[in-house]
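Please open the model in your viewer and keep the sequence panel beside it. The tour below moves from one selection to the next and says what is there at each stop.

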Amino acid sequence: MASIGPVIKEWYDYLNQGKMMGMKCQDCGSMEFPPVPVCDHCGSMHMEWAEIDPHGEVFAINANSTGIHPYTNEVSLSGYLRFKDGNIFIGRIDNYGVEQQDELIERIAKEGPLKAELVVGPLDEHFKYPWIHIL
Ligand SMILES: [Zn+2]
(Lines give C-alpha, C1' and ligand atoms only; values in the text may rest on other atoms or scores of the structure.)
Protein backbone atom coordinates (compact mmCIF):
# COMPACT_ATOMS: atom_id res chain seq x y z
CA MET A 1 0.00 0.00 0.00
CA ALA A 2 1.28 3.48 -0.88
CA SER A 3 1.59 6.19 1.73
CA ILE A 4 0.61 9.79 1.07
CA GLY A 5 3.94 11.61 0.64
CA PRO A 6 5.81 9.26 -1.70
CA VAL A 7 2.96 9.01 -4.21
CA ILE A 8 3.70 12.42 -5.69
CA LYS A 9 7.46 11.84 -5.81
CA GLU A 10 7.01 8.44 -7.43
CA TRP A 11 4.57 9.96 -9.93
CA TYR A 12 7.15 12.57 -11.00
CA ASP A 13 9.81 9.84 -11.17
CA TYR A 14 7.57 7.83 -13.50
CA LEU A 15 6.91 10.94 -15.63
CA ASN A 16 10.65 11.55 -15.91
CA GLN A 17 10.90 7.98 -17.28
CA GLY A 18 8.15 8.82 -19.80
CA LYS A 19 5.54 6.67 -18.04
CA MET A 20 1.96 7.90 -17.58
CA MET A 21 0.94 6.19 -14.36
CA GLY A 22 -2.18 6.30 -12.27
CA MET A 23 -3.25 4.29 -9.24
CA LYS A 24 -5.70 1.46 -9.64
CA CYS A 25 -8.01 0.51 -6.81
CA GLN A 26 -7.54 -3.18 -6.02
CA ASP A 27 -11.04 -3.36 -4.48
CA CYS A 28 -13.34 -1.67 -7.03
CA GLY A 29 -11.02 -1.43 -10.07
CA SER A 30 -11.34 2.32 -10.66
CA MET A 31 -8.30 4.27 -11.85
CA GLU A 32 -7.19 7.48 -10.17
CA PHE A 33 -5.30 9.97 -12.31
CA PRO A 34 -3.44 12.00 -11.17
CA PRO A 35 -2.70 9.29 -8.62
CA VAL A 36 -4.01 9.55 -5.08
CA PRO A 37 -3.50 6.99 -2.31
CA VAL A 38 -7.22 6.69 -1.50
CA CYS A 39 -9.85 5.56 -4.01
CA ASP A 40 -12.32 8.37 -4.86
CA HIS A 41 -15.04 5.83 -5.61
CA CYS A 42 -14.97 3.41 -2.66
CA GLY A 43 -12.53 4.90 -0.11
CA SER A 44 -10.15 1.94 -0.26
CA MET A 45 -6.45 2.51 0.43
CA HIS A 46 -5.54 -0.67 -1.42
CA MET A 47 -4.10 1.14 -4.45
CA GLU A 48 -1.43 -0.03 -6.88
CA TRP A 49 0.47 1.76 -9.67
CA ALA A 50 -0.85 1.06 -13.16
CA GLU A 51 -0.21 2.59 -16.56
CA ILE A 52 -3.21 4.57 -17.82
CA ASP A 53 -4.73 4.55 -21.30
CA PRO A 54 -3.71 8.08 -22.35
CA HIS A 55 -6.42 8.43 -25.01
CA GLY A 56 -9.57 10.46 -24.60
CA GLU A 57 -11.52 13.44 -25.87
CA VAL A 58 -11.18 17.14 -25.15
CA PHE A 59 -14.69 18.51 -24.60
CA ALA A 60 -13.84 22.06 -23.41
CA ILE A 61 -10.91 24.44 -23.38
CA ASN A 62 -9.91 27.42 -21.32
CA ALA A 63 -7.15 30.06 -21.45
CA ASN A 64 -5.30 30.34 -18.12
CA SER A 65 -4.20 33.92 -17.60
CA THR A 66 -2.11 33.00 -14.55
CA GLY A 67 -0.08 30.12 -15.98
CA ILE A 68 0.83 27.14 -13.82
CA HIS A 69 1.99 28.54 -10.51
CA PRO A 70 4.82 28.38 -9.52
CA TYR A 71 6.31 26.97 -12.72
CA THR A 72 5.34 29.60 -15.24
CA ASN A 73 3.38 32.83 -15.51
CA GLU A 74 2.95 32.26 -19.21
CA VAL A 75 -0.65 32.42 -20.45
CA SER A 76 -1.56 28.97 -21.68
CA LEU A 77 -4.37 27.00 -23.17
CA SER A 78 -5.87 24.21 -21.07
CA GLY A 79 -8.10 21.36 -22.11
CA TYR A 80 -10.64 19.23 -20.27
CA LEU A 81 -9.80 15.68 -21.31
CA ARG A 82 -12.30 12.90 -20.66
CA PHE A 83 -10.71 9.43 -20.64
CA LYS A 84 -12.55 6.36 -21.90
CA ASP A 85 -13.31 5.36 -18.30
CA GLY A 86 -15.02 8.72 -17.70
CA ASN A 87 -12.32 10.31 -15.55
CA ILE A 88 -11.50 13.91 -16.39
CA PHE A 89 -8.05 15.51 -16.45
CA ILE A 90 -7.48 19.25 -16.89
CA GLY A 91 -4.10 20.16 -18.33
CA ARG A 92 -2.14 22.30 -20.74
CA ILE A 93 -2.45 21.69 -24.47
CA ASP A 94 0.95 21.25 -26.12
CA ASN A 95 0.09 21.77 -29.78
CA TYR A 96 -2.25 24.79 -29.79
CA GLY A 97 -1.62 28.27 -28.48
CA VAL A 98 -3.85 30.80 -26.74
CA GLU A 99 -4.35 32.60 -30.06
CA GLN A 100 -6.11 29.46 -31.36
CA GLN A 101 -8.66 29.34 -28.55
CA ASP A 102 -11.58 30.55 -30.71
CA GLU A 103 -10.66 28.11 -33.50
CA LEU A 104 -10.74 25.18 -31.06
CA ILE A 105 -14.02 26.31 -29.48
CA GLU A 106 -15.57 26.42 -32.97
CA ARG A 107 -14.20 22.95 -33.80
CA ILE A 108 -15.70 21.50 -30.60
CA ALA A 109 -19.03 23.21 -31.35
CA LYS A 110 -19.09 21.78 -34.90
CA GLU A 111 -17.42 18.37 -34.52
CA GLY A 112 -18.04 17.59 -30.86
CA PRO A 113 -15.23 16.54 -28.50
CA LEU A 114 -11.78 16.36 -30.13
CA LYS A 115 -9.72 13.16 -30.00
CA ALA A 116 -6.64 13.69 -27.85
CA GLU A 117 -4.00 11.88 -25.85
CA LEU A 118 -1.82 12.68 -22.88
CA VAL A 119 1.90 12.91 -23.58
CA VAL A 120 4.81 13.48 -21.21
CA GLY A 121 6.33 16.91 -21.71
CA PRO A 122 8.49 19.41 -19.84
CA LEU A 123 7.00 21.33 -16.93
CA ASP A 124 10.19 23.26 -16.22
CA GLU A 125 13.91 22.44 -16.46
CA HIS A 126 13.60 19.83 -13.67
CA PHE A 127 10.24 18.16 -14.00
CA LYS A 128 8.03 16.59 -16.59
CA TYR A 129 4.24 16.70 -16.60
CA PRO A 130 1.30 15.31 -18.58
CA TRP A 131 0.37 17.52 -21.53
CA ILE A 132 -2.76 17.22 -23.64
CA HIS A 133 -2.01 16.63 -27.32
CA ILE A 134 -4.97 17.15 -29.63
CA LEU A 135 -4.94 14.60 -32.48
ZN1 LIG B 1 -12.15 1.71 -5.13
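**Starting at a pair of strands**

Select β7 and strand β8 (residues 128–134), which pair in the antiparallel sense over seven bridges; two strands count as paired if DSSP finds at least two bridges between them, and strands themselves are DSSP runs (E, at least two residues), just as helices are runs of H or I with at least four residues, all numbered from the N terminus. What you are viewing is a predicted model, in which local features need pLDDT of at least 70 and side-chain atom pairs count only at pLDDT 80 or more, whereas totals for chains, interfaces and linings use all residues. Residues are numbered from 1 along each chain as its sequence is written.

Stay with this pair and pick Leu 118, whose bridge partner in β8 is Ile 132. If you then follow the backbone out of β7, you pass through a hairpin of five residues that joins β7 to β8.

**Outward through the sheet**

Next, add strand β4 (residues 55–64), which pairs with strand β7 (residues 114–122) in the antiparallel sense over four bridges. Here Glu 57 stands opposite Lys 115 in β7.

Now select strand β5 (residues 76–83) together with β6, to which five bridges join it in an antiparallel run; in this pair, Arg 82 stands opposite Ile 88 in β6. With these strands shown together, you have an open sheet of five strands in the order β6-β5-β4-β7-β8, with antiparallel pairing. Why is one side of β6 (88–92) and of β8 left without a neighbour in the sheet? Both stand at the edges, each with a single partner strand, so one side of each has no neighbour there. From one strand to the next, the twist averages 35°.

Keep the sheet visible and add helix α2 (residues 101–111), which lies across β4, β5 and β7 and runs at about 140° to β4; such angles run from 0 to 180 degrees between N-to-C directions, using axes that are lines fitted to C-alpha atoms, for helices over the stretch in contact.

**The three-stranded sheet**

Move on to the open sheet of three strands, which has the order β2-β1-β3 and antiparallel pairing. Its edge strands are β2 (31–32) and β3 (47–51), each pairing on one side only. Select strand β1 (residues 21–25) and you will find two bridges joining it to β2 in an antiparallel run, with Met 23 opposite Glu 32 in β2.

**Where the two domains touch**

Colour the chain by domain: domain 1 covers 4–51 and domain 2 covers 55–134, with bounds that come from an automatic or database domain assignment. Seven residues of domain 1 are in contact with nine residues of domain 2, where contact requires that the C-beta atoms of two residues, placed from the backbone, lie within 7 Å. On the domain 1 side, the largest share, three residues, comes from helix α1 (residues 4–16).

**The whole chain**

Finally, show everything, and count two helices and eight strands in the protein chain. Read along the sequence, these elements follow the pattern α-β-β-β-β-β-β-α-β-β. The C-alpha trace spans about 45 × 35 × 20 Å along its principal axes.
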